[in-house]
Amino acid sequence: METKKLKAGIVGCGGIANGKHLPAMKRLGYFEIVAFCDLVEERAVKSRENFGTEDARVYTDYKELLKEELDVVYVLTPNSSHAPVSIAAMEAGKHVMCEKPMAKTYAEAKAMVETAERTGKILTIGYQCRYRADSAYLKRACENGDLGEIYYAKAHALRRRAVPTWGVFLDEEKQGGGPLIDIGTHALDLTLWMMDNYEPEMVVGTVYRKLADQKETGNAWGDWDPEEFTVEDSAFGFIRMKNGATINLESSWALNTLDVREAQTSLCGTKAGADMADGLRINRVHYGRQCVEKPALDAAGVAFYDGSADDPNEIEQRVFYKAVTEGAPLVVEPRQALVVTRILEAIYESGRTGKPVYFE
């Protein structure tokens, strides 16, 4: 039976569109990408040439794109426009895939959730790390109760010297922050999802801009411009949940450390613990002995096939497609993403004020 194709519009034709979403959409063949929008018209034209249908249209105003007969809209813009574009798209009758983080602020993210619930349109957020093989395995273990009660966790998002120097990553006004809202969001999302705990009680945060004015930085993508670096270079949060569990969140684009880990979680439960420091490792006591389980996630069996799991980006697109066409459940629910944004905002607030932030 022929696959029903969804008519898709793309708002934002930068790196995340061309590096993540559009290639995966093209490989799967579930979508007809018929409209492209970007403030820089040349970017939209190039994306259309590489990924669009023959008659795909180009826009520089997303409101014009939303007049098209589209099933889904992808919001792949800077963080500051996630909420207005997503809300307008749902109001126009489109289902929405919005890149992470959900929004620049909690208030904006809450408005997105409320719009989705009022309009009945599907809204999901691009936390593709949930679809990795290690994440899927660990989630299954957590759901099965293998770790017991998870009462302590760490969310890891640390780079040594890998500050993104392109686009608007360093622009506080457009992004709302630096590494915390950029990569810390993935680590926190993974951690909350594994714990299945979305009820924070209190947050204490520290936010630093300590290395941003340095020269000869040794940065992976070349020296950054200190004048453009208006966001933090590191941020850390201590999160206490209402059930008493605690989470430490560490995020940095540039930290003088060799303990570099990104989009990872470490979990400590009453029955076992888990981390992703050297592949996925689950530590437990078995028959009175400490032991470590390391699942073979590549499932290698023969010389010419390593059994590798699907690309997480393709799984993300498949889940969204089935949610729209079949009513299948989402993996990333908007109210989960809302809590991530709320905690990130609280860390920034605590960093500014030097005081804890308490939730209702």
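Two strands count as paired here if DSSP finds at least two bridges between them. The views below show a predicted model.

**View 1. The whole protein has 10 helices and 15 strands.** The radius of gyration is 21 Å, close to the 21 Å that the globule rule gives for 360 residues, so the protein is as compact as a globular protein of that length. The C-alpha trace spans about 65 × 55 × 45 Å along its principal axes. Of the 360 residues, 52% are buried. Among contacts with a separation of 6 or more, 72% are between residues 24 or more positions apart.

**View 2. Six strands make an open sheet with parallel pairing.** The strand order is 3-2-1-4-5-6. Strand 3 (57-59) and strand 6 (123-126) form the edges, and each pairs on one side only. From one strand to the next, the twist averages 25 degrees. Strands of a sheet pair through backbone hydrogen bonds, in either a parallel or an antiparallel sense.

**View 3. Strand 2 pairs with strand 3, and helix 2 lies across both.** Strand 2 covers residues 31-37. Three bridges join strand 2 to strand 3 in the parallel sense. To locate the pairing in the model, find C37, which stands opposite Y59 of strand 3. Helix 2 spans residues 41-51. The helix runs at about 165 degrees to strand 2.

**View 4. Helix 1 crosses helix 9.** Helix 1 covers residues 15-28 and helix 9 covers residues 312-326. Their axes come within 9 Å and cross at roughly 70 degrees. Angles of 65 to 115 degrees count as roughly perpendicular, so helix 1 is roughly perpendicular to helix 9. On the helix 1 side, the contact is made by K20, H21, A24, M25, R27 and L28. Helix 9 contributes N313, E314, E316, Q317 and R318. Sorted by class, this contact holds five charged, three polar and three nonpolar residues.

**View 5. A cis peptide bond joins K100 to P101.** Its omega is near -15 degrees. P101 sits in the loop that runs between strand 5 (95-99) and helix 5 (106-119).

**View 6. D196 has a positive phi without being a glycine.** The phi value is near 50 degrees. D196 lies in the loop between helix 8 (179-195) and strand 8 (200-208). Is this residue buried or exposed? The cut-off for exposed is over 50% relative accessible area. At 58% relative accessibility, D196 therefore counts as exposed.

**View 7. Nine strands form an open sheet with mixed pairing.** Their order is 14-13-12-11-7-10-9-8-15. The edges are strand 14 and strand 15 (357-358), each pairing on one side only. Helix 6 (residues 133-143) lies across several of these strands. They are strand 7 (150-158), strand 11 (261-269), strand 12 (272-275), strand 13 and strand 14. Helix 6 runs at about 20 degrees to strand 11.

**View 8. Strand 13 and strand 14 form a hairpin.** Strand 13 covers residues 281-286, and five bridges join it to strand 14 in an antiparallel arrangement. One pairing to look for is V285 with Q290, its bridge partner in strand 14. How many of the five residues in strand 14 (residues 289-293) are buried? The count is zero, and this strand is hardly covered.

**View 9. Y287 sits in the loop between strand 13 and strand 14.** The hairpin has two residues between its strands. Y287 is not a glycine, yet its phi is positive, at about 55 degrees. The relative accessible area of Y287 is 76%. With the cut-off for exposed at over 50%, Y287 therefore counts as exposed.

Key:
Residues are numbered from 1 along each chain as its sequence is written. This is a predicted model: local features need pLDDT of at least 70, side-chain atom pairs count only at pLDDT 80 or more; totals for chains, interfaces and linings use all residues. Side-chain values use heavy atoms; hydrogens and water are left out. Helices (H or I, at least four residues) and strands (E, at least two) are DSSP runs, numbered from the N terminus. Axes are lines fitted to C-alpha atoms, for helices over the stretch in contact, and angles run from 0 to 180 degrees between N-to-C directions. Contact means heavy atoms within 4.5 Å. Angles under 35 degrees count as roughly parallel, over 145 as roughly antiparallel, 65 to 115 as roughly perpendicular and the rest as oblique. Ala, Val, Leu, Ile, Met, Phe, Trp, Tyr, Cys and Pro count as nonpolar, Asp, Glu, Lys and Arg as charged, and the others, Gly among them, as polar. The radius of gyration is taken over C-alpha atoms; the globule rule is 2.2 Å times the number of residues to the power 0.38. Buried means under 20% relative accessible area, exposed over 50%, partly exposed in between (1.4 Å probe, protein chains only).
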